[in-house]
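The following explanation is intended to be read alongside the sequence and the coordinates. Please keep both in view while following the paragraphs below.

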Amino acid sequence: MFAQLPDKPDHPALELEMLDVWEREQTFEQLRARNRGGPAWSFVDGPVTANKSLAVHTAWGRTLKDVFQRYKAMRGFDQRYQNGYDCQGLWIEVGVERELGLNSKREIEEFGLEEFARRCRDVVVRSSTELTRGSQRLGQWMDWGNDYFTFSDTNIEYIWKFLKRVHEQGWLYLGHRSTEWCPRCGTSISQHELTGSYVDRADPSLYVRFPLLDRPGESVVVWTTTPWTLPANVAAAVNPEADYGRRLNGEWVAAPRYPDERFGEILKGADLVGWRYRGPFDALPAASGVEHRVIPWDEVTLDEGTGIVHIAPGCGREDFELSRVNDLPVITPVDEAGRFYDDFGWLHGLSTVESAEQIIGHLEEQGTLVEAGLYEHRYPECWRCHTPLIFRIADDWFISVEELRPRLIDANATVEWVPAYFEKRMEDWLRNMGDWNISRRRYYGLPLPLYPCSCGHLNVIGSKGELRERALEGFDQLQELRRPWVDRVPIRCEQCGERVERIPEVGDVWLDAGIVPFSTLGWESREWVNEGYATGAAKGLTKADLPDHAYWETWFPADWVSEMREQIRLWFYSQLFMSVVLVGRAPFRRVLGYEKMFDENGREMHGSWGNMINAEDAFAQMGADVMRWQYCQQPPTQDLWFGFGPAHEIKRRLLTFWHSVKFLVDYGNIEGFAPSWAKLEPDVELRPLDRWLVARTQQLVAEATDGYEATLTVDVVRAFEAFVDDVSNWYIRRSRRRFYSFDEAAFRALWFALVQSLRVIAPVMPFLADHLWRNLVRDGPASVHLAPWPEAVEADAQLLAEIAEVRRVVELGRQARSSSQLKLRQPLRRLVVAGASTVAHGHADEIADELRVKEVEFGEVEASELRVKPNLPVLGPKLGAALRDVRERLARGEFEELDGGKFAVDGHVLEPHEVLVERVGREGWAVASDAGLTVALDTAIDDELLLEARLLDRVHEVNVLRRETGLQLTDRIRLWLPDEDLIERYRDRIAQETLALEVLPGPLRIEKA
Ligand SMILES: [Zn+2]
Ligand SMILES: [Zn+2]
């Protein structure tokens, strides 16, 4: 006996129950044990930052990872299942600062770095526990408890080893340059961290006059949106080729910018070069003694401003470059916190934002302000704390990429990207990226092992062992290989023997994640160390081992990795970079990337907009399977619009599947159907429809296999949904009566179809699939996840095509019927089908039955009118300029209809999918048409047909009454009907279709017999 199923599944309840079952039966452990020693399939998890609980965004990636690991497990692959957590960096630090109410680096230092580091670690502990719990609820099978945590000493040591290699190659250097800087976080921001950080902002827009020293009464006018940079001005740049004009009031501007203005004099930009002017803040100590002059710069455009550019080398990247070419002084106005230094007098201590108003006031007083307003533009902000970034000159540590660039590009070419266009994105990034800025002036991060000595030698430590050997003091108190403890371990310079301290900077967080394919797999590790990864801050959080080098050889490179698109410049990049440095090749063979997530209306999800969906709410209201379905039905090339609306729609579709299973369960129990796993394939004599279902099932297996192999879950979901439609709306619909008594072939065929479909969909929908599996398969593998992947068998293509065509005819027949407004239960006389292949001819009875017509004819459909329109999105690209002509000819009816739904127009042959065809039937006919197939339904109704319609209405009414009365499906009844004409004409048919033993005249009534 199968367990009875309710009318619809309670997804969340069923999922919690399955989690218990898996736990009790150790299903995942059994699966791993079974596959141990099988072929290796290496997946490396990209670490999620441990500073939050599970979000529906993160659950997307986690679902995809789980789906493909489950699929590979069903195919017998041995896998690692190691989950990873990213544990350091600004994101976590900023969160803790907020929690503690600290607002600056000074306040952090006063709070105490030791305690601060401990609080940051607490966040990781809390968050990783939450993330693990959420991921388990999602159904993700990972080796929980053996996760990697990037703040482990072992992970840090591997990065040290990497940096030492980089230094040995001569690629590590200290750069003095202008970089994007977050004044709140007090650190520079690297190029790859700027991705997606531009926001719309309104900033002051100032036109400022610089009076010329050698041309009394004249001035050059510049434009700026950053008033705080004016005190650092040293030059004004002009385009030497452009024309500049002197206004009647003596102001010089680019003439083409002001076409309506009259100028007293026009000069080439080159003629202005060398003019000296009075700076706007010469009275301040920092700017006194600076000689301001006009310089040439080819890059000055005439698109905005005055065509004369204000240059402050201490406040901009290009400005800084110009200072080198033109030998200009560099004035750095603000400190790490973005506040003016004390030699800026009355500006001292003000922030870049606070100073704006005072600077504008000062210019006004001086009489050098031409105009002030607001300017809307895209401006970058800090990716963590959302403070607008500034440019600042700083000393940062860089890895030079010039020598590596071609090797990185070559390595990328060996990777198979899905979607394919991501390969080009990565390549573009590799071609254009600058040197990697690896240092951050923060506290909670990878300690860079750099010890520059006053003798000029740079000491780079490559391991904890090396640090121990060279430590002068403090090594014994080294609790973790991190700040502040590591800062208390000075070393001896290997060049001059003097004491050297570590630089205070920490590393870019992408170093932490990029090293993972080495640090977690035991690259160059001489021996296997139990719990050897659970070191430093990671101790107590994981039991992960440090494997040996042989293990690395087995599992590197990863066969597959998967993350969101933005990781191209982040994790995919840092991994590729570090891997090319260390072993000269890509760390992954294949990548699945995917686009962004929005809410169901296409808006970004924001806590403050009230449209953020909490993962816990999604689990409770949608269920994990439905969430997973929503992620999996998404093509990776498109943004996902996630929400409860789409979830509802998915539940509705899954209900069709559920009802198919319930149908088998209900009638199987009535008839005592007891299938056996040993005889999965039906080995009894099958009818044509059963043979079709078997073939259709084989087709599903083949399509799903292709989908999984291409790492395209969307293909798997589409194949499954089409299959479910075929099972429910064709096979069961056409075979229903065979289940009312024990027709073994029908039961066996349907059972086979459902069991196989559970196997192929199990990776996507693990809970529901296993729940139903355990009900349908009583003597096979205890869990669908322990069942092997079904063998793909060549399906009977001929048979599949035949039924596919019949289903299309029926579908068009339904369309024609609904366009004629005739009710479904009204039988009709005749259907004419045109354009069908001969195979459909053998199915006339089924078509007639489905559409309630008395006869089906195959022949020509006479239409009174045929309208053909171009399918613009398809034809546009194909025809280009010729489209217009084709379109007009179609509209005038100047075309010829060809076989197979094609049309000839003006020398072009249009395929069926390239046109939209509308046929209007002759009077009395309803017509529908699609891609070469046309059906026409005779809508004439006679008394006979009307009587039969009444019969069908009555039968329907009685069957509703049966259900409402609570009768079992097999209960026999006695029936009273008021329609004597129906009883006289159709007594036997009524009896048969309502399971009535007797049909008697009288008011409508039923009684259990
Ligand atoms: Zn910041
Ligand atoms: Zn030295």
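What arrangement do the four donor atoms around the zinc ion (ligand 2) adopt? The model is a predicted one, and in it these atoms subtend angles of 104 to 114°, which makes the arrangement tetrahedral. For four tetrahedral donors, the ideal angle at a metal is 109.5 degrees.

The protein donors at this zinc ion (ligand 2) are the SG atoms of Cys 453, Cys 455, Cys 493 and Cys 496, which lie 2.2 to 2.4 Å from the metal. Along the chain, the donors follow the spacing C-x1-C-x37-C-x2-C. Distant parts of the chain are linked here by the pair Cys 455 and Cys 493, 38 residues apart. Cys 455 belongs to the loop between β20 (450–452) and β21 (458–460), while Cys 493 belongs to the loop between β22 (491–492) and β23 (499–500). The two cysteines can also be described by their accessibility. Cys 455 has a relative accessible area of 39% and is therefore partly exposed, whereas Cys 493, at 3%, counts as buried, the threshold for burial being under 20%.

The zinc ion designated ligand 1 is bound through the SG atoms of Cys 182, Cys 185, Cys 382 and Cys 385, at 2.2 to 2.4 Å. Its four donor atoms subtend angles of 103 to 121°, so the arrangement is tetrahedral. The spacing of the donors along the chain reads C-x2-C-x196-C-x2-C. Cys 182 and Cys 385 are 203 residues apart, and this pair links distant parts of the chain. Cys 182 is located in strand β4 (residues 172–182), and Cys 385 in the loop between β15 (369–380) and β16 (390–399). With a relative accessible area of 0%, Cys 182 is buried; Cys 385, with a value of 10%, is buried as well.

Attention may now turn from the metal sites to Glu 681. Where in the chain is Glu 681 found? Glu 681 is placed in the loop between α20 (644–671) and α21 (688–709). Its relative accessibility of 44% means that Glu 681 counts as partly exposed, a class that lies between the 20% and 50% limits. When residues up to four places away in sequence are not counted, Glu 681 touches Gln 698, Arg 748 and Phe 752. By contrast, Gly 269 is 412 residues from Glu 681 in sequence, and the C-alpha atoms of the two are 86 Å apart in space.

Note on methods
Residues are numbered from 1 along each chain as its sequence is written. Chains are lettered from A and ligands numbered from 1 in the order in which they are written. This is a predicted model: local features need pLDDT of at least 70, side-chain atom pairs count only at pLDDT 80 or more; totals for chains, interfaces and linings use all residues. Side-chain values use heavy atoms; hydrogens and water are left out. Helices (H or I, at least four residues) and strands (E, at least two) are DSSP runs, numbered from the N terminus. Buried means under 20% relative accessible area, exposed over 50%, partly exposed in between (1.4 Å probe, protein chains only). Contact means heavy atoms within 4.5 Å. Donors are N, O and S atoms within 2.8 Å of the metal (3.2 Å for Na, K and Ca); water is not among the atoms, so sites may look incomplete. Four donors count as tetrahedral if all angles lie between 85 and 135 degrees; four count as square planar and six as octahedral if opposite donors are over 155 degrees apart and all others between 65 and 115; anything else is irregular.
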